[in-house]
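Visitor: I am new to this structure and should like to be guided through it. May we look at it together?

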Amino acid sequence: MSVRINPSILTADFANLEAELARIANADLVHVDIMDNHFVPNLTFGLRMVESLQRVSPLPLDVHLMIDDPDRWAPGYAEAGAYSVTFHAEAVGDPVALARKLREIGARAGIAVKPGTSIGQYLEILPEFDQVLVMTVEPGFGGQSFIDSTMPKLRMLREAVTRSGLDVWLQVDGGITEETIAIAAEAGADTFVAGSSVYSAADPAAQVDALRAAAQEHSHSA
Ligand code: DX5
Ligand code: ZN
């Protein structure tokens, strides 16, 4: 199984994002955290910034919407050219309708769950998605510690994906380091978001390689 490393620019230098993207050229996608200070108690940036990033990024954009009312806002990110658009299960009205809309525009559709949200009810709508994001910290801030108790959800998802034969990426986000990436890979994740562990490293590209090697070593051979 191939693994993907998606650095989050949340801890990058916002005044120099084009240069910050060049430092992770060996990554798979760039993870872009959109926060509205309502769904989460923090604020980042919005659609205009994503449109600008889209113009200069050598890597596809993996947009993570930590916002209320994604039904209203998510399609705009797909129209801006984001490779994937992930909205939160806790914020959406009709996840299937929104996922279909995103796919129709041409983006991969993702659904995210906070650490305390169970995954059971979403297993039956898995075919509607290209990616499921299991948050491994409470969304809102970089630099928090990985929450181990989220791993049973990943195991459940990996089992469901394997059983169904669907090609749904299983993403983790929050507290990913060379140690925790092994735990998440072993539990079934194949797509890894890492913010501070990449951007606080002296050589972010080398850290991307190190994370990829650790994930590959522990990933399922399915
Ligand atoms: C947190 C964001 C993450 C964040 C991860 O709400 O969704 O993408 O950037 O940062 P680290 O890797 O530092 O936990
Ligand atoms: Zn994120």
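Visitor: Which residues are buried in H9?

Guide: This is a predicted model, in which local features need pLDDT of at least 70, side-chain atom pairs count only at pLDDT 80 or more, and totals for chains, interfaces and linings use all residues. Residues are numbered from 1 along each chain as its sequence is written, chains are lettered from A and ligands numbered from 1 in the order in which they are written, and side-chain values use heavy atoms, without hydrogens and water. Buried means under 20% relative accessible area, exposed over 50%, and partly exposed in between (1.4 Å probe, protein chains only). In H9, a DSSP run (helices are H or I, at least four residues; strands are E, at least two; both are numbered from the N terminus), the buried residues are Pro204, Gln207, Val208, Leu211, Arg212, Ala214 and Ala215.

Visitor: Within what arc do the buried residues of H9 fall, seen down its axis?

Guide: The arc is that of the directions from the helix axis to the C-beta atoms. The buried residues of H9 line one face of the helix, because they fall within an arc of 165°.

Visitor: Which residues coordinate the zinc ion (ligand 2)?

Guide: Donors are N, O and S atoms within 2.8 Å of the metal (3.2 Å for Na, K and Ca); water is not among the atoms, so sites may look incomplete. At 2.1 to 2.3 Å, the zinc ion (ligand 2) is coordinated by His31 (NE2), Asp33 (OD), His64 (ND1) and Asp173 (OD).

Visitor: How many residues apart in sequence are the parts that His31 and His64 tie together?

Guide: His31 is buried, with a relative accessible area of 0%, and His64 is buried, with a relative accessible area of 0%. His31 lies in strand E2 (residues 30-35) and His64 in strand E3 (residues 61-66), so the parts that this pair ties together are apart in sequence by 33 residues.
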